[in-house]
Amino acid sequence: MPDELTTTQRRFRAAMANLSTAVNIVTTDGVSGRAGITVSAVCSVTDTPPTLLVCVNQSSYTHDIFRTNGRMAINVLAPQHKDLALQFAGATDVPMLDRFRFEVWDHDRFRIPVVRDAAAVLIGGVGAEFTQGTHTVLFVEVEDVFVNEDAGGLAYFRREFHRIAPTGANA
């Protein structure tokens, strides 16, 4: 039986539910295999050199795969990717390797699966990592960036997905 949450932990979780975040699928492929996970904890660190941080729960099946492979793609999702986000969040019964069989994936261009019509894709290698509590913070040094100006965004707020229309589009 898991430990009960403290009052501060419950309040913290409620506060984090009110923090709007972009929805991302982080993917990797390499010596430890192909894997991906839906992540909202992605943040820009600096542009000199271009670096992101990605937080991954240590209990996740993908945790050690990301660390061992050392290279990943951060796929910033567009509104049409809600079902894909749910699959990579483990909210469906689709096995990991089957999640990569849909037409949305480009497997060849970077040797890491990337979402063809993502709002943005950032590809890089893990330059450093830091462990805090239950998570590992991976600092990803970005090597390549692709932006889809016509895509909208997919945000997570109050434990639900929300579509964000591209600038100038009718909602």
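## The largest nonpolar core

Of the 19 residues that make up the largest nonpolar core, Leu-77, Leu-84, Phe-88, Trp-105, Val-115 and Ile-123 touch the most other members. Three elements, α3 (82-88), β8 and β9, each supply at least two residues of this core. The biggest contribution comes from α3, with three residues. Keep in mind as you explore that this is a predicted model.

Let's pick out Leu-77. Which residues is Leu-77 in contact with, leaving aside its neighbours within four places in sequence? They are Val-23, Asn-24, Ile-25, Ala-85, Val-115, Ala-119, Gly-152, Gly-153 and Leu-154. Apart from the largest core lies another core, of 13 residues, and Val-39, Leu-52, Ile-74 and Leu-138 are among them.

## A small sheet to trace

Now try following some strands. In general, the strands of a sheet pair through backbone hydrogen bonds, in either a parallel or an antiparallel way. Here, three strands form an open sheet in the order β1-β11-β12, with antiparallel pairing. At the edges are β1 (21-22) and β12 (160-164), each of which pairs on one side only.

How many bridges join β11 and β12? There are five, linking β11 (residues 153-157) to β12 in the antiparallel sense. You can find one such pair by looking at Ala-155, whose bridge partner in β12 is His-162.

## The largest pocket

Next, look for empty space. Rolling a probe the size of a water molecule over the atoms shows where such space is left. The largest pocket holds about 1,200 Å³ of space. Its lining has 29 residues, and Phe-12, Met-16, Ser-40, Ala-41 and His-135 lie nearest the centre.

Which elements give two or more residues to this lining? They are α1 (7-17), β3 (35-39), β5 (50-57) and β11. Of these, α1 gives the most, with six residues. Sorted by class, the lining of the largest pocket has 16 nonpolar, 10 polar and three charged residues.

## The second largest pocket

The second largest pocket contains about 160 Å³ of space. The residues that line this pocket include Asp-106, Arg-109, Phe-110, Val-114, Val-115 and Arg-116. Val-115 may look familiar: it is also one of the residues that touch the most other members of the largest nonpolar core.

Two or more lining residues come from each of β8 (114-115), β9 (120-132) and β10 (135-147). By class, the lining of the second largest pocket divides into eight nonpolar, one polar and three charged residues.

Methods:
Residues are numbered from 1 along each chain as its sequence is written. This is a predicted model: local features need pLDDT of at least 70, side-chain atom pairs count only at pLDDT 80 or more; totals for chains, interfaces and linings use all residues. Side-chain values use heavy atoms; hydrogens and water are left out. Two strands pair if DSSP finds at least two bridges between them. Helices (H or I, at least four residues) and strands (E, at least two) are DSSP runs, numbered from the N terminus. On a 1 Å grid over the protein atoms alone, a cavity is a set of points where a 1.4 Å probe fits but cannot get out, and a pocket is an open set with protein on both sides within 12 Å along at least five of seven lines; lining residues have an atom within 4 Å of a point. Grid points are joined across faces, edges and corners, and a volume is the space filled by probe spheres set on the points. Ala, Val, Leu, Ile, Met, Phe, Trp, Tyr, Cys and Pro count as nonpolar, Asp, Glu, Lys and Arg as charged, and the others, Gly among them, as polar. A nonpolar core is a set of buried Ala, Val, Leu, Ile, Met, Phe, Trp, Tyr and Cys residues joined through side-chain atoms within 4.5 Å. Buried means under 20% relative accessible area, exposed over 50%, partly exposed in between (1.4 Å probe, protein chains only). Contact means heavy atoms within 4.5 Å.
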